[in-house]
Amino acid sequence: MGNLISIRILQHDTEDQIRIGNSYPINDLDKAEENIVALYEKDTAWCGGFEAACKQYYKHIAIIDADTLEVIRSIYGKKKEYVFIIENSQREVIGTITIQAESLPSHITICQSVREKFPLAATYKLQSDYNILQDPCPVEDPKSISGCSPEEASRRSFIAGSKYMKEKAIEAFKKDCPCWSRFEKGKKCDECSWLKDFRNSLDH
């Protein structure tokens with residue numbers, strides 16, 4: 001027996017219709033899941049039962065908190081494949097990893113998977129069939145962020161990402177500015193003045 005909580009059932013079908021059921025109390029989450037699956041089994045017997053119906057008609061079925069609508073337990077969800085390109089510190093591609101999940105994995109989960117296969121990895125980026133969907137993200141040691149609260153892990157991830165993007169912006173500034181060498185000696189043109197202000201703004 002557990003504490004009494006109020007739940008609802010969230011159903012997301014293949015037509016992108018989302019339905020949320022009425023609130024009701026439970027004190028055993030495992031038993032509640034069994035009852036929900038049994039109900040679906042009965043209602044979908046005409047098409048082969050719960051599993052067959054899920055594959056054909058549903059994207060996601062979950063138990064959610066009645067008040068906050070936060071997912072408490074996923075009962076069914078179609079998993080997608082997320083492919084990440086892995087690079088070393090020299091920005092050379094050293095391989096890829098594929099993670100199957102219902103939604104985009106967390107930074108911690110990705111780092112864990114990357115470190116297990118590529119100990120020398122420096123960055124990862126998400127790939128689609130056509131192009132790269134995001135800028136490279138730094139690969140952190142999962143041990144440095146495991147055990148943290150979600151807020152702390154998110155904060156550390158944000159700091160690491162911001163630091164990386166700042167370094168890339170400064171690197172691009174040095175590479176692309178036509179008069180960087182003169183700028184270093186105290187000489188500057190209007191373009192360099194603007195770029196310097198941009199670089200300085202990254203420090204704040």
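Two strands are taken to pair when DSSP finds at least two bridges between them. In this predicted model, that rule applies to β8 and strand β9 (residues 137–138), which run antiparallel and are joined by 2 bridges; within this pairing, Tyr-124 has Cys-137 of β9 as its bridge partner.

**Overall make-up**

The protein contains 7 helices and 9 strands, and buried residues account for 32% of its 204 residues. Its accessible surface is about 13,500 Å², with 50% of that area belonging to carbon and sulfur atoms. Of the contacts with a separation of 6 or more, 41% are between residues 24 or more positions apart.

**The sheet around β8**

The pairing of β8 with β9 belongs to an open sheet of 4 strands, which is antiparallel and has the order β7-β6-β8-β9. Its edge strands are β7 (93–101) and β9, each of which pairs on one side only. Strand β8 (residues 123–127) is mostly covered, since 4 of its 5 residues are buried.

On its other side, β8 is joined to strand β6 (residues 80–87) by 5 bridges, again in the antiparallel sense, and here Ile-85 has Lys-125 of β8 as its bridge partner. Strand β6 also pairs with β7, antiparallel and over 8 bridges, with Ile-86 standing opposite Gly-95 in β7. These two strands form a hairpin with 5 residues between them, and in this hairpin Arg-91 takes a positive phi near 65°. Helix α3 (residues 107–117) lies across β6, β7, β8 and β9, and it runs at about 130° to β7.

**Salt bridges**

Side chains of opposite charge can pair when their charged atoms come close. With a side-chain nitrogen of Lys or Arg required to lie within 4 Å of a carboxyl oxygen of Asp or Glu, the count comes to 7 salt bridges. Three of them, including their N to O distances, are listed here.

| Basic residue | Acidic residue | N to O distance |
|---|---|---|
| Lys-59 | Asp-16 | 2.8 Å |
| Arg-73 | Glu-33 | 2.7 Å |
| Lys-31 | Glu-34 | 4.0 Å |

What does the salt bridge between Lys-59 and Asp-16 tie together? Lys-59 lies in strand β4 (residues 58–65), while Asp-16 lies in the loop between β1 (5–13) and β2, so the pair ties together parts that are 43 residues apart in sequence. Lys-59 is partly exposed, with a relative accessible area of 31%, and Asp-16 is also partly exposed, with a value of 48%.

The side chains of Glu-33 and Arg-73 likewise meet in a salt bridge, and this pair links distant parts of the chain, with Glu-33 in helix α1 and Arg-73 in strand β5 (residues 71–77), 40 residues apart. Glu-33 counts as partly exposed at 21% relative accessibility, as does Arg-73 at 24%. Both residues are linked with Asp-30 in a network of salt bridges.

The salt bridge of Lys-31 with Glu-34 has another setting: the two residues are 3 apart in helix α1 (residues 29–43), which means that about one helical turn separates them. Lys-31 is partly exposed at 45% relative accessible area, and Glu-34 is partly exposed at 49%.

**A nonpolar patch**

Ile-18, Ile-20 and Leu-69 make a nonpolar surface patch of about 270 Å². Among these residues, Ile-20 has its place in strand β2 (residues 18–20). Because its relative accessibility is 40%, Ile-20 counts as partly exposed.

How values were computed: Residues numbered from 1 in each chain as written. Predicted model: local features only at pLDDT ≥ 70, side-chain atom pairs only at ≥ 80, totals over all residues. Heavy atoms only, no water. Buried < 20%, exposed > 50% of the residue type's maximum accessible area, 1.4 Å probe, protein only. Patch = residues over 30% accessible without salt bridge, like charges linked within 9 Å, V, L, I, M, F, W, Y side chains within 5 Å. Areas by Shrake-Rupley, 256 points an atom, 1.4 Å probe, with all protein chains shown as cover. Contact = heavy atoms within 4.5 Å. Axes fitted to C-alpha atoms, helices over the stretch in contact; angles between N-to-C directions.
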